[in-house]
Amino acid sequence: MKTPCIGICKNKDGVCTGCHRTMSEIQQWRHLTDEQRDTKMEQIHKVVSTHTCQQCGQPAYCEISAGESHCWCFEITKRDTTSIKGAHCLCRSCLSKLPIKVG
């Protein structure tokens, strides 16, 4: 089965520090079709994007921007984004590095 796992898994408040999948994505992975896995891996590996991450300048994928009703970032512990200016989401790597939102 195809997977973006790189064998250094650690759950950091809802995101794997190795492959950058959410815990929900990891749990559901085996239920996806090969085509769905390929699509998700293209999003995670920045092959396909909806915008540029304003933090690192790399491609980023937002499911809401792509027309979905739910985004991967809804599944993780909320991050403190007060230091971020702009309207677009961050990539998985940059968002997972932000501190957890308090309060």
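**Ring contacts, cysteines and a loop serine**

The charged end of R92 is placed over the ring of W72, with 4.5 Å between it and the ring centre. This comes from a predicted model, as does everything below. A second arrangement of this kind involves R21, whose charged end sits over the ring of W29, 4.7 Å from its centre. Aromatic rings pairing with one another are another matter: the count of aromatic pairs comes to zero.

On to the cysteines. Disulfides number zero in the structure. For C19, the nearest cysteine sulfur belongs to C16 and lies 3.8 Å away, and C19 is in no disulfide. A disulfide would need the two sulfur atoms within 2.5 Å, so the 3.8 Å separating the sulfurs of C19 and C16 rules that pair out. C19 itself counts as buried, at 4% relative accessibility. The story for C62 runs along similar lines: C62 is in no disulfide either, and its nearest cysteine sulfur, that of C89, is 3.5 Å off. With a relative accessibility of 4%, C62 counts as buried because the cut-off is under 20%.

Then there is S83, out in a loop. That loop runs between strand 4 (59–60) and helix 3 (92–97). S83 has a relative accessible area of 54%, so it counts as exposed. Taking T50 as a reference point, 33 residues away along the chain, the C-alpha atoms of S83 and T50 are separated by 22 Å.

Terms used:
Residues numbered from 1 in each chain as written. Predicted model: local features only at pLDDT ≥ 70, side-chain atom pairs only at ≥ 80, totals over all residues. Heavy atoms only, no water. Phe/Tyr/Trp six-rings, centres within 6.5 Å; stacked < 30°, edge-to-face > 60°. Lys NZ or Arg CZ within 6 Å of the ring centre and 35° of its normal. Buried < 20%, exposed > 50% of the residue type's maximum accessible area, 1.4 Å probe, protein only. Helix = DSSP H or I, 4+ residues; strand = E, 2+ residues; numbered from the N terminus.
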